[in-house]
Amino acid sequence: MLFVSVFLIGILPLIIYSLVISSNLKTYFEDSKEKELLYEANKVAVSIQKNNYLNDNKLRGQFIDEIDQKSEEEGFRIIVVDSLGVAVADTNRSAVGKMCVVPEILVALDGKDDANLREEEGVIYASAYIENDFSQKTGVVLLVASFDEVNTLLDELNHNWLMVTVVISVLLVVVAFFITQAIFVPLNNILNTIRRIAGGQLHNRLEVQGHNELSRVAEAINVMTQQLEHVDTARAEFVSNVSHELKTPLSSIKVLSESLLLQEDMPVEMYREFMQDINSEVDRMTNIINDLLALVKLDYREEGVLNISETDLSELVAAIVKRINPLAGKKNISLTLDNVKEVKIEADEMKLALALSNLVENAVKYTPNDGSVSVTVDADHQNAYFTVKDTGIGISPDEQQKIFNRFYRVDKTRDRETGGTGLGLAITHSTVMMHNGSIKVVSAEGEGATFIVRLPIKYQGVRSNEG
Ligand SMILES: Nc1ncnc2c1ncn2[C@@H]1O[C@H](COP(=O)(O)OP(=O)(O)OP(=O)(O)O)[C@@H](O)[C@H]1O
Ligand SMILES: [Mg+2]
C-alpha cells in the first residue's frame, strides 16, 4: 500500500503535467501555424497588388516562380483566383483555369475578412483578397496547408515525454522500494516485538538504530516495556511477600491448635496460654491485612481518596507523641516534642496521623534502651516540615533506598520480636506522596536516624508521577 502510494504520488503530477503541456502545446502550435498562414496569404496578396502581377502577363512567369519557391520552402499550396473565381495560378497546377468555389474565396471576394480562416479535417485554409488602386477586389490568394507538420512535432514531443515518464517511473519504483524497505522492516520488527511483549515475554527489547522517528518510537516502547517488567516483578514480589507474611502466623496457629487437639487432659492454664498465642497471631494477621488494605487504597491515587480538611499539624503531632510516650517509657527513651511551630495544613487527618505515627513508632522501636527521640514541627510560607530524630541503630545508605518498599526490613531475623512487617514506611511514603509532599532520611549506621517530611500547606490534588 505504501509502495503504491509513494509511486502514485511521484508519477501522477508528472502525467498530469505532461497532459496539460501537450494539449497547450498543440493549441499553441496550431494557432501559430494559422497566424503564419494568414500572414503569408496577406503578404502574397500585397505583393501581387504592388507589382500588378495579375494584369501584367510579362511579370506573371516571374511571379509563379516566386510562389512555387515559397510553396516548396514553407510546405503549403498557394492558389490565386481572379475576381470571377477562376484560378490563375496554383502551385499544384491542377486548379489552373478552373472555377474555385472554396468558401474562403467567396467570402474574401465579398470582402468579409473575418471568415478568412477555416480548418477542416486537419487542413487549414487561409485567404486574403487582392485590391486594385480603386479598392476593388480583383482576386483572392488562398493558402492551403495541413497540420501534419504540427502533428509530427507533437508526436515527437509526446514520444519524448513518454520516454521521460518511463525512466522516471523506473526510478520511482526503485525509490518507493527503498522507502518502504526503510519504513517497513523496522516497523515489522517493532510490531513483532510488541506482539511478543503482549504475549507476556516482557524481557524482549527493540533494537534501536539511528536517530530517526522510528528509533525514537522504539526507544519509547523499550522504556514502556521496562516499566511493565518492573511492575510485573513488583507484583510477583508483592504477592509472594504477602503469602509469606500470612503463612508464618498461620503455621503458628496450626501448630498451636494441633497440639491442643492432640494433648488429652491438658491443664486449663496451658489451654489459656495456647489460646492467647493463637489470639495474638490472629491479631498479627489482622494488622497485616489492615495495613495492606490501607496501602491498596492509597495506591489508587485518585481524586477523592483523600478526605482533605484543615488540619492542625502541631496538635496532631502532640497527640501522636502523647500516645507513643508509654511505649518509649518502657524502654526508658526520652520522647520529646521540641520546637513546635503552630501550623495548619490541608490534609487527610486520619491518614496523615497514621503516616506520621509510623515514623515516631519506628524511631522508638529502632532506638535501644535509654536513648532519645525528638520530634519537631516547622513551616515556611509554602510547606510544613515534620522531623523525627532518634539516637538509634541508624540505617546504612544502601538500605535507605529500600526501606520505603513494602515488606522491606533491614534486619529480617528480628521481625518476630519487634513484630514489624515492613509495611509502615511504605504506607507513610504513599500517604506523603498523595499529599504532594516528600520524605527523606538522613542517617548512618549506628548513628541514629532523622526522617524529614515536607507537606504543602495548600493541598494541590494528586499528581500522577511519584516524586
Ligand atoms: N528510625 C529508624 N532507625 C533505624 N532503622 C529504621 C528506622 N525506621 C525504619 N527503619 C528500618 O526500616 C525498616 C522498614 O520500616 P517499616 O516501618 O516499613 O517496617 P517495620 O517497622 O519493620 O514494620 P511495621 O510494618 O510494623 O512498621 C525497618 O524494618 C527498619 O529496619
Ligand atoms: Mg514501622
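In strand β5, the residue that bridges to Ile78 is Leu143. That single link is a handy way into this structure, which is a predicted model. Ile78 and Leu143 belong to a longer zip: β1 (residues 77-82) and β5 run antiparallel and share six bridges. Another rung of this ladder puts Arg77 opposite Val144 of β5. As a reminder, strands of a sheet pair through backbone hydrogen bonds, either parallel or antiparallel.

Strand β1 has a second partner too. It pairs with strand β2 (residues 87-90), again in the antiparallel sense, this time over three bridges. Here Ile79 has Asp90 of β2 as its bridge partner. Together β1 and β2 make a hairpin, with four residues between the two strands. In the turn sits Gly85, whose phi is positive, at about 95°.

Zooming out, these strands are part of an open sheet of five, ordered β2-β1-β5-β4-β3 and paired antiparallel. The edges belong to β2 and β3 (117-120); each has a single partner strand, so one side of each is left without a neighbour in the sheet. From one strand to the next, the twist averages 20°. Helix α2 (residues 57-74) lies across β1 and β2, and its direction makes about 145° with that of β1.

Two residues of this sheet show rather unlike surroundings. Is Val141, in strand β5 (residues 137-146), buried or exposed? Val141 has 28 other C-beta atoms within 10 Å, and 20 or more are enough to count as buried, so Val141 is buried. Leaving aside residues up to four places away in sequence, the contacts of Val141 are Ala41, Val44, Ala45, Ile48, Ile78, Val80, Ser127, Ala128 and Ile130. One of these, Ile78, is the residue met above as the bridge partner of Leu143. A further distance helps to place Val141: its C-alpha atom is 8.2 Å from that of Ala126, and 15 residues separate the two along the chain.

Now for Asp82, which lies in strand β1. This residue is partly exposed, because 17 other C-beta atoms lie within 10 Å, and that label covers counts between the 12 or fewer of an exposed residue and the 20 or more of a buried one. Asp82 touches Leu54, Val88, Thr138 and Gly139, again not counting residues up to four places away in sequence. By contrast, the C-alpha atoms of Asp82 and Val167 are separated by 57 Å, with the two residues 85 places apart along the chain.

So much for one sheet; what about the rest of the chain? The domain assignment splits the protein chain into domain 1 (2-153), domain 2 (213-298) and domain 3 (306-456). Between the C-alpha centres of domain 1 and domain 3 there is a distance of 109 Å.

Another open sheet of five strands follows the order β7-β9-β10-β12-β11, and its pairing is mixed. At its edges stand β7 (334-340) and β11 (438-443), each with a single partner strand, so one side of each is left without a neighbour in the sheet. The twist here averages 15° from one strand to the next. Strand β7 runs parallel to β9 (residues 372-379), with six bridges between them. Val340, for example, has Val377 of β9 as its bridge partner. Helix α8 packs on this sheet, where it touches β7, β9, β10 (383-390) and β12 (449-456). The directions of α8 and β10 make an angle of about 20°.

A separate antiparallel pair is formed by strand β6 (residues 308-312) and β8, joined by five bridges. Ile308 stands opposite Asp348 of β8 in this pair. In a regular strand the side chains alternate between the two faces of the sheet. Strand β8 (residues 344-348) is a neat case: Ile345 and Ala347 point to one face and are buried, while Lys344, Glu346 and Asp348 point to the other and are not.

Finally, there is ligand 1. Which residues come nearest to it? Of the 23 around ligand 1, these are Arg409, Val410, Gly420, Gly424 and Leu425. By type, the shell is made up of eleven nonpolar, eight polar and four charged residues. Helices α8 (349-365) and α11 (424-434) each supply at least two residues of this shell. The largest share, four residues, comes from α8, the helix that also packs on the sheet with mixed pairing.

Key:
Residues numbered from 1 in each chain as written. Chains lettered and ligands numbered in written order. Predicted model: local features only at pLDDT ≥ 70, side-chain atom pairs only at ≥ 80, totals over all residues. Near = placed C-beta within 6 Å. Nonpolar A, V, L, I, M, F, W, Y, C, P; charged D, E, K, R; others polar. Contact = placed C-beta atoms within 7 Å. Pairing = 2+ DSSP bridges. Axes fitted to C-alpha atoms, helices over the stretch in contact; angles between N-to-C directions. Domains from an automatic or database assignment.
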